[in-house]
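I opened the model to look up how its parts pack. My entries follow.

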Amino acid sequence: MNGLIFLSDYIRITRVFVDLNSRSLQRGITCFSICLQKQKCSIKLYMIPTTTVAQHWMLKTFASAGSLNAEVECQENHISSGFSTSNDFRRSKTVADSSSKPSDGVDDFERQLQELFDEVKMMIKMGNKNDAVDLLQANYEFVKEQINAGSRGIEEAATLDIIALGYMAIGDLKSVGFILNKLDEVVENLKDDEPLLDSVLIHMGSMYSALGKFEKSMHVYQRVIATLERKHGKGSAFLVSPLLGMAKILGSIGKATTAIEVYQRVISILESSRGAESKDLVVPLSGLGNLLIKEGRATDAESLFNRILSIYKESYGEYDGRFGMALCSVAHVKCATGNAEEAINLYRKALQVIKDADYMALDDSIMERMRIDLAELLHVVGRGNEGRELLEECLLITEKYKGKDHPSSVTHLINLATSYSQSKNYVEAERLLRTSLEIMMKSVRPDDSSITFPMLHLAVTLYRLNQDEEAEQLTLEVLRIREKAFGKDSLPVGEALDCLVSIQTRLGKSEAELLELLKQVLKIQEKEFGYESEEVMRTLKKIVFYLDKTGRKDEKFSMQKRLSVLRMKYKQMMQY
């Protein structure tokens, strides 16, 4: 290849600021739920992006050691995600040095790759996303000509890799997938000892994983791991990046046992090469800890997060923001093991350390998430007033930095309403929910599914205030919007139907109509939760009641028998 196309050769830019984090916003509601072991949570607090609500109701939540993830994420991006290229390429040069010294041409090509990627990142940072796309497309057309002319070497592969990483940084996953397909055709014919190839393969593995193509990601990681093991041995630190990538995939696809083994291997490699107190251990320790919590092994995870805390204390001291982040993760683990009071104390200390260290802005989404986690935990242990103070603080911070009627405040208005509802103050909950609904109606289309979340909350609150007619109208509107957005057999629709049954029961609707609605709810729950779930058991109980009221004895007998089996099952589970 004769070189890459750069901005100076292609297009003049204008500099406009853009929030890079906007691409990471997910469509939907993310529920941060703190659940004590062997104790049911009576309150759920939410983080609601201002974009359209997707299938929140199809996600189940679990306590995770996620507070450290923001700190770890920066290291993971360097170690395994492929968004930082310079060190990876330098490492590849070192790998190549062990067999043959790279030519000056390869050195120059590495520099050009890094310059191209840096230029794309700078464009995105300055708000010139379209210019970045134009630059990436120009380079793609250039390398495509080389490939069509018969050149399918490491230079073409590395260039396609950088282009794919550029599109990943922009958030254009469709283009990433297209480029990866082209890249795969090139690398499958390259010899394993090609310079730069290990970095290209690691980037590919990470991008395939981000696209949810876990099988392809695993295949790529297995190839680069085998290559590096042949060159450097099975205990080489060069293996850390692809092994971490593989461990994350294994955990995602349900192969927890194998994932744990891989994480432990990474930890062993780093302990041998960097020392037992190395900061590089934070990433695998955190990954393993999160996985253990997910698998219900919070007690085993606790020692891992305590070790991270010790590493950060030794490296940065007890007043550094990173130490505060680690404290928050230990609080998550304490919570998962049932030690609520200690978890609360650790949370408070962590938030104070982060604030005093000025480690992140007060309105940072990570700080917001920590406050909500702590507020939820305080509600769970019966300290609702303290929890509400934190939720009010979240609302005041959002209003101060983003404005009083900003859509971001809806999150905190709903959370506060949930808190007041738990304390039976439905009048204040109604006021807050009406405010949140008004804000949403100004921010999105009338039929946007995101509007149904505060709307259904309001309907339930009005039901508790015996304002059944308005509650019914709101619920019917929620049902209409959700059926259009998600389909009649979706879980969001099932949730609305369940509420509608309760409201219409008190309004005196016919038992036959209510029974049909409940059967629809049951069908949805069986599909989403399974035939033996607790949700199904509760709905079966209602159905049996209405079958008895309507005199359908034969149908009632079969349902009653099924309900009895489920009750026995859950009674036995509670005994254990």
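**Helix packing**

I looked up helix 16 and helix 18 and found them roughly parallel to each other (angles under 35 degrees count as such). This is a predicted model, where local features need pLDDT of at least 70, side-chain atom pairs count only at pLDDT 80 or more, and totals for chains, interfaces and linings use all residues. Residues are numbered from 1 along each chain as its sequence is written, and side-chain values use heavy atoms, without hydrogens and water.

Helix 16 covers residues 365-380 and helix 18 residues 409-422; the angle is about 5° and the axes are 12 Å apart. Axes are lines fitted to C-alpha atoms over the stretch in contact, and angles run from 0 to 180 degrees between N-to-C directions. Helices are DSSP runs (H or I, at least four residues), numbered from the N terminus.

I then listed the contacts (heavy atoms within 4.5 Å). From helix 16, Glu368, Ile372 and His379 meet Thr411, His412, Asn415, Ser419 and Gln422 of helix 18.

**Leucine 160**

Beyond its neighbours within four places in sequence, I found leucine 160 touching Tyr140, Val143, Ile147, Ile179, Lys182, Leu183 and Val186.

**Tyrosines and a phenylalanine**

I checked burial next (buried is under 20% relative accessible area, exposed over 50%, partly exposed in between, with a 1.4 Å probe and protein chains only). Tyrosine 140 is buried at 6%, while phenylalanine 178 is partly exposed at 44%. Tyrosine 312 is buried at 0%, and tyrosine 316 is partly exposed at 27%. These two tyrosines are 4 residues apart in helix 13 (residues 298-316), so about one helical turn separates them.

Technical notes. Parallel < 35°, antiparallel > 145°, perpendicular 65-115°, else oblique.
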